[in-house]
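Please open the model in your viewer and set the display to show secondary structure together with side chains. The tour below proceeds selection by selection.

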Amino acid sequence: MSKIALITGASAGFGTAIARRFAKEGWTLILTGRRQDRLDALVEEFGGREKAFPLCFDIRDEAATRAALESLPPAFSTIDALINNAGLALGTGPIQECDLDQWKTMIDTNVTGLVTITRLLIDGIIAQGGLIVNLSSIAAHWPNRGGNTYAGTKAFVRQFSLGLRSDLHGTGVRVTSIEPGLSESEFTIVRTGGSQEAYDKLYGGADALQPEDIAETIHWVASLPAHVNINSIEIMPVSQSWAPYQVHRK
Ligand code: 8X3
């Protein structure tokens with residue numbers, strides 16, 4: 001019987017690429033997201049509802065998350081891998097210019113949504129001796145201007161992942177924090193409120209990471225022998241590195 005992976009945020013970017021990579025290796029998938037049409041198209045692509053099951057809900061909504069998981073058919077009830085990919089960045093400005101509602105949306109999605117679905121699925125994952133992969137970011141380690149709340153949510157994701165490992169000691173469950181840098185996906189369009197100009201400015205000539213690079217990494221993590229746990233992986237495109245400290249002079 002093929003293994004089952006639940007991928008959150010499967011309707012775009014990293015999530016879609018991860019779904020395609022796992023489907024290629026014969027995994028059965030549960031695809032979550034907010035856009036039913038995109039989920040349905042993926043289900044079709046992967047061979048119909050025996051291979052992939054769509055769950056359309058907003059991960060910020062606990063009741064909707066519970067109801068969606070409870071609606072899973074029996075054939076999809078044993079989840080071997082939870083890929084917590086759903087998340088977003090909103091805004092690039094400094095703290096004194098930020099919109100508080102955007103911050104709350106990031107916290108509700110990247111932090112509250114992630115811990116909620118993890119808590120709801122953890123007993124099943126333990127029973128399967130399964131795997132949890134959480135999408136963090138290089139922003140979890142390296143402060144950058146305009147990162148503020150987004151970076152904070154991703155630092156949470158990394159530390160939550162390491163904490164899960166400690167708590168799940170002895171269960172056989174594996175947990176990995178994936179920490180990508182500059183990556184080309186819908187992420188930036190969302191972050192900049194749909195600005196193609198900002199997208200082109202960020203990615204032009206950068207040869208950024210592609211969703212397929214992240215999907216390949218996560219599939220590698222999942223395919224390692226059961227006794228191997230990758231705690232965290234920080235990944236940048238070759239074109240990205242660090243800058244010096246900034247000093248404000250009078
Ligand atoms: C975002 C990473 O490099 O775009 O998670 O700031 S970067």
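Contact, as used in this tour, means heavy atoms within 4.5 Å. The model is predicted.

**First selection: helix 1 and helix 8.** Select residues 13-24 for helix 1 and residues 211-223 for helix 8; their axes come within 8 Å and cross at roughly 50°. Helix 1 and helix 8 are therefore oblique to each other. Viewed as a pair, helix 1 and helix 8 form a right-handed crossing. Now display the side chains where they meet: helix 1 contributes G13, F14, A17, I18, R21 and F22, and helix 8 contributes P211, E212, I214, A215, E216, I218, H219 and A222. Coloured by class, this contact of helix 1 with helix 8 shows nine nonpolar, two polar and three charged residues.

**Second selection: helix 3 and helix 4.** Move to helix 3, residues 62-70, which packs against helix 4 at an angle of about 35°, with the axes 10 Å apart. The crossing of helix 3 and helix 4 is right-handed. On the helix 3 side, pick E62, T65, R66 and L69; they meet T116, I117, L120 and L121 of helix 4. The contact of helix 3 with helix 4 comprises four nonpolar, two polar and two charged residues.

**Third selection: helix 4 and helix 5.** Keep helix 4 (residues 100-128) and add helix 5 (residues 148-167); the two pack at about 15°, and their axes are 8 Å apart. Because angles under 35 degrees count as roughly parallel, helix 4 is roughly parallel to helix 5. Helix 4 passes helix 5 in a right-handed crossing. From helix 4, the contact draws on W103, M106, I107, N110, V111, L114, V115 and T118, while helix 5 supplies N148, T149, Y150, T153, K154, F156, V157, F160 and L164. The contact of helix 4 with helix 5 holds 11 nonpolar residues, five polar and one charged.

**Fourth selection: the ligand.** Which residues surround the ligand? Select S137, I138, N144, Y150, P180, G181, L182 and Q240. Y150 is thus listed here and also in the contact of helix 4 with helix 5.

Finally, place distance labels on the polar side-chain atoms. For S137, one such atom lies 2.6 Å from an oxygen atom of the ligand. For Y150, a polar side-chain atom lies 2.6 Å from an oxygen atom of the ligand. In Q240, a side-chain N or O atom is 3.0 Å from an oxygen atom of the ligand.

Technical notes
Residues are numbered from 1 along each chain as its sequence is written. This is a predicted model: local features need pLDDT of at least 70, side-chain atom pairs count only at pLDDT 80 or more; totals for chains, interfaces and linings use all residues. Side-chain values use heavy atoms; hydrogens and water are left out. Axes are lines fitted to C-alpha atoms, for helices over the stretch in contact, and angles run from 0 to 180 degrees between N-to-C directions. Helices (H or I, at least four residues) and strands (E, at least two) are DSSP runs, numbered from the N terminus. Angles under 35 degrees count as roughly parallel, over 145 as roughly antiparallel, 65 to 115 as roughly perpendicular and the rest as oblique. A crossing is left-handed if the near helix is turned anticlockwise from the far one by less than a right angle, and right-handed if clockwise. Ala, Val, Leu, Ile, Met, Phe, Trp, Tyr, Cys and Pro count as nonpolar, Asp, Glu, Lys and Arg as charged, and the others, Gly among them, as polar. A residue is near a molecule or strand if one of its heavy atoms lies within 4 Å of it. A polar contact is a pair of N or O atoms within 3.5 Å; within protein, one must be able to donate a hydrogen and the other to accept it, and residues adjacent in sequence count only if both atoms are side-chain atoms.
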